[in-house]
Amino acid sequence: MPGGTIIKALSGFYYVKTDTGVVRCRGRGVFRKKNISPLVGDVVKFRAESDSEGYIIEIESRKNELVRPPIANVDQGILVFSAKNPDFNTTLLDRFLVVIESKKIKPVIVVTKIDLLAPEERERIDKFRSIYRSIGYETIFLSSKTGLGLDEVKPIFDGNVSVFAGQSGVGKSTLINALRPDLQLKTSSISKHLGRGKHTTRHVELLEIGSGFVADTPGFSAIDFDGIGTGELGMYFPEIREKMPDCKFRNCLHVSEPKCAVKEAVETYQIQSFRYKHYLMFLQEIQERKQRYEK
């Protein structure tokens with residue numbers, strides 16, 4: 001039975017890339033009865049009805065999946081944030097990092113529009129790059145306009161299924177166009193009134209970049225922590241995860257507990273205060289969500 005990877009889902013059809021081409025497939029009714037939906041990135045087997053049409057028969061086990069964007073079997077998340085217009089947002093970046101970490105997906109931070117920065121603004125962004133690199137996150141500066149960073153970013157896609165995520169208007173489609181000019185993906189300028197880009201990407205699709213695939217997905221302005229408990233949140237901050245074993249209490253939440261190694265690390269500047277502040281913010285959000293569900 002032939003098989004391949006779903007590279008696009010659109011209007012009820014699933015486009016499966018095989019060794020010989022792309023076959024447009026529908027899902028079997030049994031998937032709907034079991035409330036199973038094929039996702040872009042799924043490795044599937046299908047029954048061919050012709051050289052270009054078929055029905056998906058089987059979906060292989062997924063190593064991970066994301067809800068927003070809806071995609072499976074992701075190797076790395078390319079978190080695209082602009083240095084300016086819209087301004088670099090560490091709170092939103094850390095939200096994405098937590099979710100990506102929780103899915104056991106490797107994060108790569110790409111900061112675009114570096115060419116727009118004045119010298120004092122560049123100094124501030126350079127400090128953030130140093131901080132995130134010290135935590136262990138690969139962080140690349142990029143300007144699709146000048147070409148800065150393109151040679152550095154191209155190799156990270158080879159052999160991987162990557163997903164782009166980040167705010168609208170940060171230049172995800174522009175970056176993909178710079179990597180694959182033949183694609184000519186639609187882009188739009190920033191709305192000065194709204195302060196964000198217009199949504200130009202309408203569906204999830206895997207695009208070939210080098211020897212890998214990249215998902216071009218809609219931009220997001222928020223992402224939640226469904227499925228993440230209060231006790232595990234710290235595991236998705238690498239610098240907090242490193243200090244957790246030294247806390248006096250095993251179930252320490254690093255808020256007001258005595259002899260907390262995480263709080264001591266914040267006080268001695270081993271953990272950045274803004275990162276700890278975001279941890280507390282996310283922890284409160286998870287606790288409030290749990291309280292609503294328990295009512």
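# Reading a fold through its contacts

Mentor: Let's begin with a pair you can find on screen: Glu-121 and Lys-84 join their side chains in a salt bridge, with 3.3 Å from N to O. Keep in mind that this is a predicted model.

Trainee: Happy to start there. Which parts does the pair of Glu-121 and Lys-84 tie together?

Mentor: The idea is to place each partner in its element and then look at the sequence gap. Glu-121 belongs to helix α3 (residues 119–135) and Lys-84 to the loop between β8 (76–82) and α2 (90–102), so the salt bridge ties together parts 37 residues apart in sequence. Glu-121 is partly exposed at 27% relative accessible area, and Lys-84 is partly exposed at 28%.

Trainee: How many salt bridges does a search of the whole structure find?

Mentor: The search finds 15. Another one joins Lys-106 and Glu-138, at 3.6 Å from N to O. Here the partners sit in strands: Lys-106 in β9 (residues 106–112) and Glu-138 in β10 (residues 138–141), so parts 32 residues apart in sequence are tied together. Lys-106 counts as partly exposed with 45% relative accessibility, and Glu-138 counts as partly exposed with 30%.

Trainee: Let me try Asp-42 next. Is Asp-42 buried or exposed?

Mentor: The cut-off you need is that buried means under 20% relative accessible area. Asp-42 has 0%, so it counts as buried. Its partner Arg-62 is partly exposed at 27%. In the salt bridge between Arg-62 and Asp-42, the closest N and O atoms are 2.7 Å apart. This pair links distant parts of the chain, 20 residues apart: Arg-62 is in the loop between β5 (53–59) and β6 (65–66), and Asp-42 is in the loop between α1 (29–33) and β4 (43–48).

Trainee: Which residues are linked with Arg-62 in a network of salt bridges?

Mentor: Asp-42 and Glu-65 are linked with Arg-62 in that network.

Trainee: Let's zoom out. How many helices and strands does the chain have?

Mentor: The chain has eight helices and 15 strands. For overall size, compare the radius of gyration with the globule rule: the chain has 21 Å, close to the 19 Å that the rule gives for 295 residues, so it is as compact as a globular protein of that length. Along the principal axes, the C-alpha atoms fill a box of roughly 65 × 50 × 35 Å.

Trainee: What share of the contacts in the chain with a separation of 6 or more comes from residues 24 or more positions apart?

Mentor: Such residues account for 64% of those contacts. Alongside that, buried residues make up 48% of the chain. The accessible surface comes to about 15600 Å², and carbon and sulfur atoms hold 48% of that surface.

Trainee: How does burial look for one helix?

Mentor: Count its buried residues. In helix α5 (residues 172–179), six of the eight residues are buried, so the helix is largely enclosed by the rest of the structure. The buried residues of α5 are Lys-172, Ser-173, Leu-175, Ile-176, Asn-177 and Leu-179.

Trainee: And for one residue, what is Leu-93 in contact with, leaving aside its neighbours within four places in sequence?

Mentor: Setting those neighbours aside, Leu-93 contacts Leu-79, Phe-81, Phe-88, Ile-109 and Tyr-132. Leu-93 sits in helix α2 and is buried, with a relative accessible area of 0%. From C-alpha to C-alpha, Leu-93 and Phe-81 are 7.6 Å apart in space, and they are twelve residues apart in sequence.

Trainee: I'd like a case from a strand. Where is the place of Glu-208?

Mentor: Glu-208 is in strand β14 (residues 205–209), and at 38% relative accessibility it counts as partly exposed. Neighbours within four places aside, Glu-208 contacts Lys-17, Arg-180 and Phe-213.

Trainee: Last topic, the backbone. Which residues does a cis peptide bond join?

Mentor: For background, most residues other than glycine have a negative phi, and most peptide bonds are trans. In this chain a cis peptide bond joins Asn-85 and Pro-86, with omega about 0°. Asn-85 also has a positive phi, near 60°. Asn-85 lies in the loop between β8 and α2 and is partly exposed at 38%.

Trainee: What is the phi of Asn-35?

Mentor: Asn-35 has a positive phi of about 60°, although it is not a glycine. You will find Asn-35 in the loop between α1 and β4, where it is exposed with a relative accessible area of 70%.

How values were computed. Residues numbered from 1 in each chain as written. Predicted model: local features only at pLDDT ≥ 70, side-chain atom pairs only at ≥ 80, totals over all residues. Heavy atoms only, no water. Salt bridge = Lys/Arg side-chain N within 4 Å of Asp/Glu carboxyl O. Helix = DSSP H or I, 4+ residues; strand = E, 2+ residues; numbered from the N terminus. Buried < 20%, exposed > 50% of the residue type's maximum accessible area, 1.4 Å probe, protein only. Rg over C-alpha atoms; globule rule 2.2 N^0.38 Å. Contact = heavy atoms within 4.5 Å. Areas by Shrake-Rupley, 256 points an atom, 1.4 Å probe, with all protein chains shown as cover.
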